[in-house]
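Please look through the chain below with its fold and its aromatic side chains in mind. The paragraphs that follow begin with a single ring and work outward to the chain as a whole.

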Amino acid sequence: MGAPHAHSHSGHDHADGHSHDHSHGHSHGHSHGHGHSHAPADFGRAFLIGIILNTAFVIIEATYGFLSGSMALVADAGHNLSDVLALVLAWVASVAAKRPANERFTYGYKSSTILAAMANAALLLIAIGAILFETIHRLWEPAPVQGMTMVIVAGIGIAINTGTALLFLRGRHDDLNIRGAFLHMAADALVSLGVVIAGVLILMTGQQWIDPVTSLLIVAVIAWGTWGLAKDSIKLGLNAVPQGISESEVRSYFASLEGVEAVHDLHIWPMSTTETALTAHLVMPGGHPGDPFLASVSDALHDRFRIGHATIQVEREPQCNGGC
């Protein structure tokens, strides 16, 4: 949890008589004393509570869904089951992310959080397909539905899903993995509310088609959330610059530093759903600026751009290697 540190090694003379100084400033993705924290470290209890509550509710909801003939309840139970699996995946990934690096995995297992986010999106797509298949069948052949059972069971679902979503509320902006868990639970609470409304309407009107139509609306809500999660997780999986960080702004920051003549080989990529790494070559004709300069750059990257793992190479003249 200490402050970022920098180390450098002196340049070597080339055959052309030029000497290049190479220096590397490293800052690690810890709190640096600046009040930042990485969400996965603090959510073990939230995952455990969420998994236990939602597993129990899936069993209750699926049982009463089949007994009452409500496809909307069954659809919601299917969605909740996918959420339980999503929570398990997210929890396993957050634990794996804290495991130390080794000779084979030199970054550790941080990127497992990205894989978990992608897997969660895939699980939701499977759930959508299964629910859609049965719902379309119900539209053609409506079955009798017990509206009161729908209202009571879905009402319990609102309480459980809202409570679980609140457990992940504070981490939703900092970690895609936690955001996925939060969105799953929040969407479930809204879906359960829809089922309650559908149950009331069935009790009032006796129209059985309301149940499968509600199920279709549930599928639409799930699909909307899944698209956003899938899109963001695939971007991270392809090492895209994380959302909230502007490559051009980082480049402009480097260019504005005293003594920097050019910036090349700038790369910014996610190490996990919470940590970001950067490498850059700074052309500084005046030579190596010293460790205080590197330390201040590391601090600025962390504080301004939330980039915690930075490697900076200083050169007296550019050595592009095709990356300029």
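**From aromatic rings to the sheet**

In this predicted model, Phe-105 has a relative accessibility of 40% and therefore counts as partly exposed, since that class lies between the buried limit of under 20% and the exposed limit of over 50%.

A search of the whole structure finds five aromatic pairs. One of them joins Phe-47 and Phe-168, whose ring centres lie 5.1 Å apart with 55 degrees between the planes, a tilted arrangement. Because Phe-47 belongs to helix H1 (residues 44–68) while Phe-168 sits in the loop between helix H4 (147–167) and helix H5 (176–205), this pair ties together parts of the chain that are 121 residues apart in sequence. Phe-47 and Phe-168 are both buried. The rings of Phe-105 and Tyr-109 also pair, with centres 4.8 Å apart and planes at 35 degrees, so this pair too is tilted. Ring pairs further link Phe-47 and Phe-168 with Trp-91, and the three form a cluster.

Turning to the sheet, three strands are arranged in the order E3-E4-E5 as an open sheet with mixed pairing. Strand E3 (262–270) and strand E5 (309–315) are the edge strands, each pairing on one side only, and the twist from one strand to the next averages 10 degrees. Strand E4 (residues 276–283) runs parallel to E5 and is joined to it by seven bridges; within this pairing, His-281 stands opposite Gln-313 of E5. Helix H8 (residues 291–305) packs on the sheet, where it touches E4 and E5, and its direction makes about 140 degrees with that of E5.

A second helix can be followed to these elements through its buried side. In helix H7 (residues 247–256), the buried residues are Val-250, Tyr-253 and Phe-254. Viewed down the axis of H7, these buried residues fall within an arc of 95 degrees, so they line one face of the helix. In general, an α-helix has 3.6 residues a turn, so residues three or four places apart point the same way. The buried residues of H7 pack against E3, E4, H8 and E5.

For the chain as a whole, the secondary structure comes to eight helices and five strands, which follow one another along the sequence in the pattern β-β-α-α-α-α-α-α-α-β-β-α-β. Of its 324 residues, 48% count as buried, and the chain exposes about 15,600 Å², of which carbon and sulfur atoms supply 65%. Among contacts with a separation of 6 or more, residues 24 or more positions apart account for 74%.

How values were computed:
Residues numbered from 1 in each chain as written. Predicted model: local features only at pLDDT ≥ 70, side-chain atom pairs only at ≥ 80, totals over all residues. Heavy atoms only, no water. Pairing = 2+ DSSP bridges. Helix = DSSP H or I, 4+ residues; strand = E, 2+ residues; numbered from the N terminus. Axes fitted to C-alpha atoms, helices over the stretch in contact; angles between N-to-C directions. Contact = heavy atoms within 4.5 Å. Buried < 20%, exposed > 50% of the residue type's maximum accessible area, 1.4 Å probe, protein only. Areas by Shrake-Rupley, 256 points an atom, 1.4 Å probe, with all protein chains shown as cover. Arc of directions from axis to C-beta. Phe/Tyr/Trp six-rings, centres within 6.5 Å; stacked < 30°, edge-to-face > 60°.
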